[in-house]
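Here are a few exercises to help you find your way around a new structure. Try each task with the model in view, then read the solution step by step.

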Amino acid sequence: MTTPLSAPPSVDRIELMQTFVHIVEAGSLSAAAAQMGTTQPTVSRRLQALERSLGVRLLQRSTHAMKLTEDGERCFDRAKELILSWSAFEAELRGDGDHPEGRLRVVAPHVFGQQLLVGPLAAYLHRFPQMTVEWLLHDGPQDRTPDFIAEGVDCAIRVGEVTDPGVVAIRLSEVPRIAVGAPSLFKEAAQPMHARDLEALPWMAARNFYRTEIALTHETTGEVYRVQIRPRMITDSLNALRSAAVLGVGVGVLSTWMLAEELAAGRLLHLAPQWHAAAAPVYMLYPYARFYPAKLRLFVDAMRTAFPAA
């Protein structure tokens with residue numbers, strides 16, 4: 001008479017789910033076993049125990065391939081959520097809040113991630129030497145929220161308004177934006193003082209923020225003028241836009257913090273100086289959860305403290 005397969009007494013369901021997640025992320029039972037410092041038969045037994053406990057098949061396996069079943073795909077997403085919540089719960093009970101360890105996966109815009117936020121990131125890593133941060137720099141669509149579970153992302157820093165009700169959005173700061181151009185654009189003409197004067201100039205567009213029109217507001221009167229543009233260059237890279245502006249390709253609207261050196265050196269000029277584009281808000285995003293691990297909470301606190309100073 002056979003005995004129903006069940007989880008070994010020393011292995012709880014959280015550990016079974018952790019093993020399952022390791023298998024999927026590693027791509028095979030043997031690779032998962034190597035990562036976990038155990039044997040392939042042990043990993044296989046844990047997978048079978050989890051499947052028996054849940055009453056579903058999670059993986060389709062053959063000699064040369066392994067594929068998630070439909071139930072397995074759902075279980076994988078939920079397992080990662082549960083493991084995250086459990087880890088945070090354990091950390092709270094143990095009082096490990098000031099000594100986080102592990103890996104944090106963060107998505108940030110290229111320009112911010114390369115320049116403005118490297119200092120706060122370095123300070124976080126120096127303060128918490130047991131932490132590792134995956135610093136992923138993406139300049140995707142302005143309104144795109146990462147699929148935190150599917151992409152394995154802990155949090156994201158985004159420029160622009162947040163309309164997704166399914167995420168926590170903490171406003172870190174906002175960045176003023178102005179119109180700039182190289183002196184070479186005005187060798188035989190006066191510099192523009194009114195927003196309407198900008199329309200006659202060659203333009204460049206920041207694809208994620210403006211393309212054929214940019215609204216500028218007068219800082220004293222509050223008058224709004226919508227500048228119609230036909231850009232000669234369209235890019236999703238703010239660094240490229242700044243470099244092209246210095247080379248005289250055209251006018252562009254950029255955040256003031258990116259322009260300090262160029263303006264001070266005279267490589268760029270602040271055009272229509274009493275007019276400015278709407279400040280761009282900067283948010284920290286992460287998914288809702290009942291518990292948050294110390295590594296995430298302390299990272300968010302570090303960014304909230306450091307961002308205005310940066």
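**Exercise 1.** Work out whether Asp 236 is buried, partly exposed or exposed, and find its salt-bridge partner in this predicted model.

*Solution.*
- Step 1: The relative accessible area of Asp 236 is 32%. Partly exposed covers the range between under 20% and over 50%, so Asp 236 is partly exposed.
- Step 2: Look for the partner: the side chain of Asp 236 meets that of Arg 207 in a salt bridge, at 3.3 Å from N to O.
- Step 3: Place both in the chain. This pair links distant parts, 29 residues apart. Asp 236 lies in the loop between strand 10 (233–235) and helix 8 (238–246), while Arg 207 lies in the loop between strand 7 (204–206) and strand 8 (213–218).
- Step 4: Check the partner too: Arg 207, with a relative accessible area of 37%, is partly exposed.

**Exercise 2.** Find which residues share a salt-bridge network with Glu 70.

*Solution.*
- Step 1: Salt bridges with shared partners join Glu 70, Asp 71 and Arg 74 into one network.
- Step 2: Take one link of it: between Glu 70 and Arg 74 the closest N and O atoms are 3.6 Å apart.
- Step 3: Both of these residues belong to helix 4 (residues 70–94), where they sit four residues apart, about one turn of the helix.
- Step 4: Compare with the cut-offs. Glu 70 has 59% relative accessibility, so Glu 70 counts as exposed; Arg 74, at 48%, counts as partly exposed.

**Exercise 3.** Find the salt-bridge partner of Glu 174 and say how accessible each residue is.

*Solution.*
- Step 1: The partner is Arg 171, and the closest N and O atoms are 2.9 Å apart.
- Step 2: Glu 174 is partly exposed at 43% relative accessibility, and Arg 171 is partly exposed at 42%.
- Step 3: For the wider picture, the salt-bridge count comes to nine.

**Exercise 4.** Describe how helix 2 meets helix 3.

*Solution.*
- Step 1: Two packed helices are described by the angle and the distance between their axes.
- Step 2: The axes of helix 2 (residues 29–36) and helix 3 (residues 40–54) come within 8 Å and cross at roughly 110°. Helix 2 is therefore roughly perpendicular to helix 3.
- Step 3: List the residues that meet: Leu 29, Ser 30, Ala 33 and Met 36 from helix 2, and Gln 40, Val 43, Ser 44 and Arg 46 from helix 3.
- Step 4: Sort them by class: the contact has four nonpolar, three polar and one charged residues.

Technical notes. Residues numbered from 1 in each chain as written. Predicted model: local features only at pLDDT ≥ 70, side-chain atom pairs only at ≥ 80, totals over all residues. Heavy atoms only, no water. Salt bridge = Lys/Arg side-chain N within 4 Å of Asp/Glu carboxyl O. Helix = DSSP H or I, 4+ residues; strand = E, 2+ residues; numbered from the N terminus. Buried < 20%, exposed > 50% of the residue type's maximum accessible area, 1.4 Å probe, protein only. Axes fitted to C-alpha atoms, helices over the stretch in contact; angles between N-to-C directions. Parallel < 35°, antiparallel > 145°, perpendicular 65-115°, else oblique. Contact = heavy atoms within 4.5 Å. Nonpolar A, V, L, I, M, F, W, Y, C, P; charged D, E, K, R; others polar.
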